[in-house]
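Student: I would like a close look at a single part of this model, the place where protein and DNA meet. Please take me through it slowly, one strand after the other.

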Number of protein chains: 2
Amino acid sequence: MELSERKKQILKAVVEHYIESAEPVGSKVVSQELGVSSATIRNEFAELCDLGYLEQPHTSAGRVPSPSGYRLYVNELMERRSLSAQEAENIDETLRDRLESVGGVVANAGALVSSLVNYPAYTVTDGNRALTVERFELVPVDDKSFIAVVMTSDKNVKSQLQSAALPFDGDRLADLRHLLNAHFAGRSRAEMGEHLLSVSEQLPPELFLVLSKTVEYAGGILDEAARRDVETTGASRLLKMPEYRDADKAHELMTFLVDNKENLPVPEDGAPLKILIGPENVNEALRDTSVVVASYDIGDGMRGLVGVVGPTRMDYATVTARLSYFAESLTKMFGKGLPAADDTKDRRTPKE
Amino acid sequence: MELSERKKQILKAVVEHYIESAEPVGSKVVSQELGVSSATIRNEFAELCDLGYLEQPHTSAGRVPSPSGYRLYVNELMERRSLSAQEAENIDETLRDRLESVGGVVANAGALVSSLVNYPAYTVTDGNRALTVERFELVPVDDKSFIAVVMTSDKNVKSQLQSAALPFDGDRLADLRHLLNAHFAGRSRAEMGEHLLSVSEQLPPELFLVLSKTVEYAGGILDEAARRDVETTGASRLLKMPEYRDADKAHELMTFLVDNKENLPVPEDGAPLKILIGPENVNEALRDTSVVVASYDIGDGMRGLVGVVGPTRMDYATVTARLSYFAESLTKMFGKGLPAADDTKDRRTPKE
DNA sequence: TTTAGCACTCAGGAGAAAAGAGTGCTAAAA
DNA sequence: TTTTAGCACTCTTTTCTCCTGAGTGCTAAA
């Protein structure tokens with residue numbers, strides 16, 4: 001059943017007042033706003049309660065939005081405001097600033113977003129399980145050690161000093177490099193492990209030992225890249241919100257954000273923005289919090305997520321506006337190509 | 001003036017009771033413990049108050065230790081218990097476990113210590129400002145790009161894909177490598193910058209551009225290594241302590257731990273363990289908290305710090321015991337040499 | 001020097017009462 | 001038929017008072 005226009009206006013007013021004040025909203029305030037008497041509003045209140053959009057903490061209190069009330073608000077009623085030029089410029093500027101600093105934008109995305117919206121935030125950088133080693137290089141250092149250089153298919157390069165038990169000459173190193181590239185480049189992590197077994201028989205043991213160390217090093221890089229990483233920041237902001245003034249409630253959510261961050265929602269569809277309100281969250285611990293999560297494009301078909309966690313009484317309009325803008329800015333930056341500052345950020349793709 | 005033996009016993013009892021209960025300690029409990037009447041204890045209480053070791057929240061309440069009371073307790077009265085075999089084994093085991101996992105021990109030291117003592121913890125890894133580049137290597141990839149490999153004086157190796165605007169051949173690359181090693185290896189960060197200027201005139205501009213990019217990359221590595229890094233964990237544990245049940249108080253300290261972590265105490269002397277009680281902390285925000293901080297040895301004369309933050313009513317005996325043991329274990333592990341798992345952990349030192 | 005005894009202080013809790021915000025319902029007005 | 005004024009009612013919150021109990025300081029006797 002479609003709600004009357006007036007009911008929608010009333011619901012909207014209740015949600016917005018409640019978001020601002022965290023106090024149940026009475027008929028009087030709304031009546032002033034809509035220009036009808038409080039009695040009329042009360043009648044509408046009663047119906048909106050029956051329909052499940054509003055709730056009453058107790059008989060003689062004002063009304064509070066129910067989860068479905070918030071849902072309707074978010075879907076239909078909320079004004080999808082876009083940022084003012086000023087706000088947008090602020091975000092752009094911060095992004096530019098952070099870009100210069102060590103560690104880059106992504107590492108700071110959580111803290112940035114958290115300060116932007118004043119709620120705890122989280123970031124998810126999804127592991128790349130399709131990554132392979134594109135190329136091995138071995139650079140001699142002395143007769144017992146060399147630098148193993150591993151370039152992965154996303155053109156990142158990592159390296160490590162390796163040393164062998166016995167001395168070996170340059171030819172051996174060239175052989176080894178050839179073996180590595182022939183047998184382990186372009187392979188998935190699992191295949192690398194299998195190959196290691198089959199190669200083991202064709203090589204003198206002391207050489208195999210060196211080779212396997214390098215392969216394991218490369219495997220470690222792939223494992224690391226495949227790992228999904230979730231980080232949370234700004235949990236302490238909860239303490240300033242009336243719903244988390246109670247230390248136990250705050251503690252519960254805060255420890256969840258730290259110790260169970262893997263269970264924060266990671267929407268699988270490619271939607272740019274997802275809002276999960278209260279019980280829409282599968283996870284028990286998030287049942288009376290809301291989560292707004294946006295995805296951004298890293299390039300190479302990879303995506304990152306950045307989300308915000310707060311009470312269901314969240315300022316959805318502001319949060320969605322800022323978060324979307326932030327995610328879009330990130331996508332734009334990655335699209336344009338980041339200036340290289342360290343090896344985790346180099347995105348240029350030279351031809352082979 | 002030296003305190004009588006009985007006064008010391010009384011102070012010790014008060015401190016220990018208060019640490020456990022967070023409630024002012026009355027004369028009755030102490031009298032039962034010491035086997036004298038409560039009136040006697042009350043007389044002693046009054047004197048300990050005059051001497052500044054105890055305080056009275058209000059006239060008709062029990063006594064609470066003052067900062068100097070805690071100080072005396074820590075210096076003279078506290079039993080410096082060593083860990084039980086069981087406890088020690090637990091720590092060792094966790095350390096071994098974490099050692100296997102990605103990221104290594106140091107990255108997790110904070111979280112580990114925090115869970116060990118049940119207070120917020122922080123780690124400081126001091127920057128190495130003496131680090132230099134030991135060696136540059138350039139590995140050709142194609143006619144426009146190469147891998148820059150930088151080995152620093154602590155034998156860590158980092159690398160990055162670099163590309164030039166114009167094609168160049170292998171000879172040029174060898175020249176470049178030679179130039180880099182001749183002019184920039186072994187130099188401090190500042191010297192590298194100066195040298196870049198002087199070299200700029202001796203080179204064709206397109207080659208200089210490539211060279212400067214690599215030098216800047218190396219400089220970035222040195223900068224990164226020189227940076228002092230402070231991390232905090234476990235701040236939410238505060239919420240379980242009676243002194244931080246008040247959301248505002250908790251918020252204040254928690255935001256300090258996150259946003260002002262650089263101002264956490266970093267004792268400059270080489271003491272293995274330092275205890276700062278309440279007002280002994282220079283920083284205003286830590287005036288009614290205590291900090292226990294231990295240092296451990298990374299090798300190469302480098303040190304790391306790991307500390308614990310909590311109310312002055314901190315369980316000093318347990319914290320110092322566990323923290324010392326932890327720091328000693330870390331030192332031992334670094335001494336023995338960590339098994340290499342990724343390039344941040346390799347500590348072996350091959351001869352040049 | 002220690003201890004028993006006693007009057008005194010003060011925080012914290014339990015009720016009771018009052019205030020206040022807001023409701024639902026009825027009956028009149030539009 | 002819808003809206004509104006009016007009013008009694010409900011329930012939380014605040015305030016006040018009183019009371020209790022833990023703990024004290026002081027005095028005088030052991």
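Tutor: A polar contact is here a pair of N or O atoms within 3.5 Å, and with that cut-off in mind we can read the contacts of this predicted model. A polar side-chain atom of A:Thr59 lies 3.5 Å from a phosphate oxygen of DNA strand D, whereas for A:Thr40 the distance from an N or O atom of the side chain to a phosphate oxygen of DNA strand D is 2.5 Å. A:Arg6 also takes part, with a polar side-chain atom 3.1 Å from a phosphate oxygen of that strand. Around DNA strand D there are 20 residues, of which A:Thr40, A:Thr59, A:Ser60, B:Ser27 and B:Arg63 come nearest. Of the atoms of DNA strand D that come within 4 Å of the protein, 76% belong to sugar and phosphate. By residue class, the surface near DNA strand D divides into four nonpolar, twelve polar and four charged residues. Both α3 of chain A and α3 of chain B supply at least two residues of this surface, and the largest share, four residues, comes from α3(A).

Turning to DNA strand C, we find 19 residues around it, and those that come nearest are A:Ser27, A:Arg63, B:Thr40, B:Thr59 and B:Ser60. In the side chain of A:Ser27, an N or O atom is 2.6 Å from a phosphate oxygen of DNA strand C. The backbone contributes as well, for a polar backbone atom of B:Ser37 is 3.1 Å from a phosphate oxygen of DNA strand C, while a polar backbone atom of A:Ser60 is 3.4 Å from a sugar or linking oxygen of the strand. Among the atoms of DNA strand C within 4 Å of the protein, 77% are part of sugar or phosphate, and the rest belong to bases. The surface near DNA strand C is made up of four nonpolar, eleven polar and four charged residues. Here again two helices deserve attention, since α3 (38-50) of chain A and α3 (38-50) of chain B each supply at least two residues of the surface, but for DNA strand C the largest share, four residues, comes from α3(B).

To place these contacts within the chain, note that chain A is divided into domain 1 (5-77), domain 2 (85-127 + 228-344) and domain 3 (133-226). The centres of domain 1 of chain A and domain 3 of chain A, taken over C-alpha atoms, are separated by 66 Å.

Key
Residues numbered from 1 in each chain as written. Chains lettered and ligands numbered in written order. Predicted model: local features only at pLDDT ≥ 70, side-chain atom pairs only at ≥ 80, totals over all residues. Heavy atoms only, no water. Domains from an automatic or database assignment. Near = heavy atom within 4 Å. Polar contact = N/O pair within 3.5 Å; in protein donor to acceptor, adjacent residues only side chain to side chain. Nonpolar A, V, L, I, M, F, W, Y, C, P; charged D, E, K, R; others polar.
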